[in-house]
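User: I would like a close look at one loop residue and then at the parts of the fold around it. Please keep it brisk.

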Amino acid sequence: MRLTIIIAVFIGLISLSLNAHQQKMATTTVSFNHRVDNIEVMHKFYLHDAEHAVRDLFDPSADILSSKATQNSFAEYVQTQFAIEINDSKQLPLKFVGLELDGKYIWIYQETAIPSNITELSISNGALQELWPSQLNLVNIEGKGELQSLLFNDSDQWLNVSLAE
């Protein structure tokens, strides 16, 4: 009986592992770094998804693994798909900081100065949703009150969070 349970759990874990990347998902962290007075934005995409995306978005022979130009094109694309507005619908000017390939992920980094008297964020994140309607983009906001999360599906344009003072 115990061996049967162990085998069932093992098979379940293998099946979860095989299906783990079926769902298209990216994660962005918006972090208030009060030490340097910046909002830091870190986008994390599965490299596998980015590989397929650049072929559909730019060129069927695009190679994100070995081409710095393709990596930069993908980073530019992500930046056009992401925006933050504050209190009065004023869009924050996000500056590109860089990108890196890290194992099975590609990271894209942006930053901007923390505006004064910020009480609310409106965020838009449509990256890859025109390619894959099932793409979900999770945005975590940290460093200003409790951690808050927004989940974008293909029908979401802008989502809002109130920030603690």
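Is Asn117 buried or exposed?

Analyst: The model is predicted. Asn117 is exposed, because its relative accessible area is 64% and the cut-off for exposed is over 50%. Asn117 sits in the loop between S6 and S7. Its backbone deserves a look too. Most residues other than glycine have a negative phi. Asn117 has a positive phi, near 55°.

Asp37 makes a useful parallel case. Asp37 is not a glycine either, and its phi is positive at about 60°. This residue lies in the loop between S1 and S2. Asp37 is partly exposed, with a relative accessible area of 47%.

Now follow the chain to the strand that ends the Asn117 loop. Strand S7 covers residues 120-125, and 5 of its 6 residues are buried, so the rest of the structure largely encloses S7. Strand S3 (residues 82-86) runs antiparallel to S7, and 5 bridges join the two. Within this pairing, Ile86 has Leu121 as its bridge partner. S7 also runs antiparallel to strand S10 (residues 159-162), joined by 4 bridges. There, Glu120 stands opposite Ser162.

Trp158 belongs to the loop between S9 (148-152) and S10. Trp158 is partly exposed, at 37% relative accessible area. The C-alpha atoms of Trp158 and Ile123 are 5.4 Å apart, although 35 residues separate them in sequence. Beyond its neighbours within four places in sequence, Trp158 is in contact with Ala83, Glu85, Ser122, Ile123, Ser124 and Phe152.

On the other side of the Asn117 loop is strand S6. S6 belongs to an open sheet of 6 strands, in the order S5-S6-S2-S1-S8-S9, with mixed pairing. S5 (95-102) and S9 are the edge strands; each has a single partner strand, so one side of each has no neighbour in the sheet. From one strand to the next, the twist averages 15°. S8 and S9 pair antiparallel over 5 bridges. In that pair, Leu138 stands opposite Leu151.

Two helices lie across this sheet's strands. Helix H2 (residues 47-57) crosses S1 (25-33), S2 (38-46), S5 and S6 (105-113), running at about 80° to S2. The buried residues of H2 are Leu47, Asp49, Ala50, Glu51, Ala53 and Val54. These buried residues pack against S1, S2, H3, S5 and S6. Helix H3 (residues 68-81) lies across S2, S5 and S6, and runs at about 125° to S5.

Asn137 contrasts with Asn117. Asn137 is located in strand S8 (residues 136-142). Asn137 is buried, because its relative accessible area is 1% and buried means under 20%. Its side chain reaches the backbone oxygen of Ala127 at 3.0 Å. The Asn137 side chain also makes a polar contact with the side chain of Gln135, at 2.9 Å. Setting aside residues up to four places away in sequence, Asn137 touches Ala26, Asn125, Gly126, Ala127, Gln129, Leu150, Leu151 and Phe152.

To return to the question: Asn117 is exposed, whereas Asn137 is buried.

Technical notes. Residues are numbered from 1 along each chain as its sequence is written. This is a predicted model: local features need pLDDT of at least 70, side-chain atom pairs count only at pLDDT 80 or more; totals for chains, interfaces and linings use all residues. Side-chain values use heavy atoms; hydrogens and water are left out. Buried means under 20% relative accessible area, exposed over 50%, partly exposed in between (1.4 Å probe, protein chains only). A polar contact is a pair of N or O atoms within 3.5 Å; within protein, one must be able to donate a hydrogen and the other to accept it, and residues adjacent in sequence count only if both atoms are side-chain atoms. Contact means heavy atoms within 4.5 Å. Two strands pair if DSSP finds at least two bridges between them. Axes are lines fitted to C-alpha atoms, for helices over the stretch in contact, and angles run from 0 to 180 degrees between N-to-C directions.
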